[in-house]
Amino acid sequence: GADLTAELDQLVSLESERRRLLPELENLKREQNAAAEEVGKAKRLGLDTSALQEANKAIARAATGDPGLAGMGTTATAALLEGGILYLVHVGDSRAYLIRDGRIIQVTEDHSVVAEMVRRGTLSADAAESHPARHVITRALGVDADVDIDALRVDLEPGDVVLLCTDGLSGPVDDREILEAVDESPTLQHAADALVERANEAGGP
C-alpha cells in the first residue's frame with residue numbers, strides 16, 4: 001500500500017509539474033517558430049538582393065567589354081508577394097507605391113541627386129520637380145562593381161494596391177493624379193491603361 005501511494009504521489013507531482021511547464025513550453029515553441037519565420041524572410045530578401053547584385057555585375061561586365069555600352073546602367077524595383085507580405089528590392093529612381101484607404105504612399109526612396117537634397121532639407125519637393133538635375137541618379141545597376149540595394153518589407157491589408165513604375169510615369173504624372181486614376185478604375189487593368197494614357201498625355205517617354 002505504501003509503495004502504491006508513493007507511486008501515485010509521484011505521478012501526481014509529475015502531472016502537476018507538466019501542467020506548470022506546459023505554457024512555458026508552448027511559448028518557447030511559438031518564439032522558435034516566429035524566429036524561424038523571420039530567418040526565412042531575411043533569407044528571401046537576401047536572395048533577391050543577391051539577384052540584383054548579380055545583374056549589376058553582368059551589366060558592368062557587358063559595358064566594360066563594349067566601348068559602345070560604356071556608362072550603361074539601369075534602375076530596378078522588384079517585388080515578391082507572399083502570404084500578405086510584400087518584399088521589395090530597389091535601386092535607382094523607379095518607385096513602389098502603396099495605395100491604401102484613399103491615400104498613396106511612396107514606399108521606396110529615390111536614389112537621385114534632387115531626392116537627396118530634399119531629404120537633407122536643402123531643396124523643397126516642389127522645386128525638385130523642375131530642378132535641372134532631377135534625372136541624375138546616385139545609384140544604378142551596372143555603373144559600379146558593387147551597388148547598395150534597399151531591401152524592404154511591407155505588411156499588406158485587404159484592399160491594398162501596389163504599384164511599381166519608372167519615372168516615365170512618376171515624372172510627368174504627380175502622385176495625386178496616379179491615385180485618382182487607380183481609384184476611378186473598375187479593375188487593375190483599367191488602372192494600368194489609364195496611367196499609361198495619362199503619362200503619354202503629359203509627355204512621358
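Which elements each supply at least two residues of the lining of the second largest pocket? The answer, β6 (161-165) and α6 (188-201), is taken up in one of the legends below, all of which refer to a predicted model.

**Figure 1. Overview of the protein chain, with six helices and six strands.**
The model shown here, as in every view, is predicted. Read from the N terminus, the elements follow the order α-β-β-β-β-α-α-β-β-α-α-α. The protein chain has 205 residues, and 30% of them are buried. Contacts between residues at least 6 apart in sequence join residues at least 24 apart in 61% of cases.

**Figure 2. The largest pocket, with about 840 Å³ of space.**
This pocket is lined by 28 residues, and those closest to its centre are R95, D110, A128, E129 and S170. At least two lining residues come from each of the helices α2 (113-120), α3 (125-128) and α4 (167-170). The largest share belongs to α2, which gives four residues to the lining. By class, the lining of the largest pocket holds ten charged, nine polar and nine nonpolar residues.

**Figure 3. The second largest pocket, with a volume of about 260 Å³.**
The lining here consists of 14 residues, of which L163, L164, A191, A192 and L195 are the closest to the centre of the pocket. Strand β6 and helix α6 each contribute at least two residues to this lining. Helix α6 provides the largest share, six residues. The lining of the second largest pocket has 14 nonpolar residues, with no polar and no charged residues.

**Figure 4. The crossing of helices α5 and α6.**
Two packed helices are described by the angle between their axes and the distance between the axes. Helix α5 covers residues 175-183, and its axis comes within 8 Å of that of α6, at a crossing angle of roughly 145 degrees. The crossing in which α5 passes α6 is right-handed. On the side of α5, the contact is formed by E177, I178, E180, A181 and V182, and on the side of α6 by A191, A194, L195 and R198. The residues of this contact comprise six nonpolar, three charged and no polar ones. Two residues of the α6 side, A191 and L195, are also among the residues closest to the centre of the second largest pocket.

**Figure 5. Surroundings of I59 in helix α1.**
Helix α1 spans residues 2-65, and I59 is found within it. I59 has a relative accessible area of 18% and is therefore buried, the limit being under 20%. Leaving aside neighbours within four places in sequence, I59 is in contact with M72, T74, L141 and G142. The view also includes A145, which is 86 residues from I59 along the chain, with 9.5 Å between the C-alpha atoms of the two residues.

**Figure 6. Surroundings of V154 in strand β5.**
The relative accessibility of V154 is 12%, so this residue counts as buried. Apart from residues up to four places away in sequence, V154 touches G84, I85, L86, L98 and V107. Of these contacts, V107 lies 47 residues from V154 along the chain, and the C-alpha atoms of V154 and V107 are separated by 8.5 Å.

**Figure 7. Surroundings of R139 in the loop between α3 and β5.**
The strand that follows this loop, β5, comprises residues 150-155. R139 has a relative accessible area of 23% and is partly exposed. Not counting residues up to four places away in sequence, R139 touches V91, G92, H111, V147, D148, I149 and D150. The C-alpha atom of R139 is separated by 7.8 Å from that of T75, although the two residues are 64 places apart along the chain.

**Figure 8. D101 in the loop between β3 and β4.**
The loop that holds D101 connects strand β3 (95-100) with strand β4 (103-106). Phi of D101 is near 50 degrees, a positive value in a residue other than glycine. With a relative accessibility of 71%, D101 counts as exposed, because the limit for that class is over 50%.

Terms used
Residues numbered from 1 in each chain as written. Predicted model: local features only at pLDDT ≥ 70, side-chain atom pairs only at ≥ 80, totals over all residues. Heavy atoms only, no water. 1 Å grid on protein atoms, 1.4 Å probe; cavity = no way out; pocket = protein on both sides within 12 Å on 5 of 7 lines; lining within 4 Å. Points joined across faces, edges and corners; volume = space filled by probe spheres on them. Nonpolar A, V, L, I, M, F, W, Y, C, P; charged D, E, K, R; others polar. Axes fitted to C-alpha atoms, helices over the stretch in contact; angles between N-to-C directions. Left-handed = near helix turned anticlockwise from the far one by under 90°. Contact = heavy atoms within 4.5 Å. Buried < 20%, exposed > 50% of the residue type's maximum accessible area, 1.4 Å probe, protein only.
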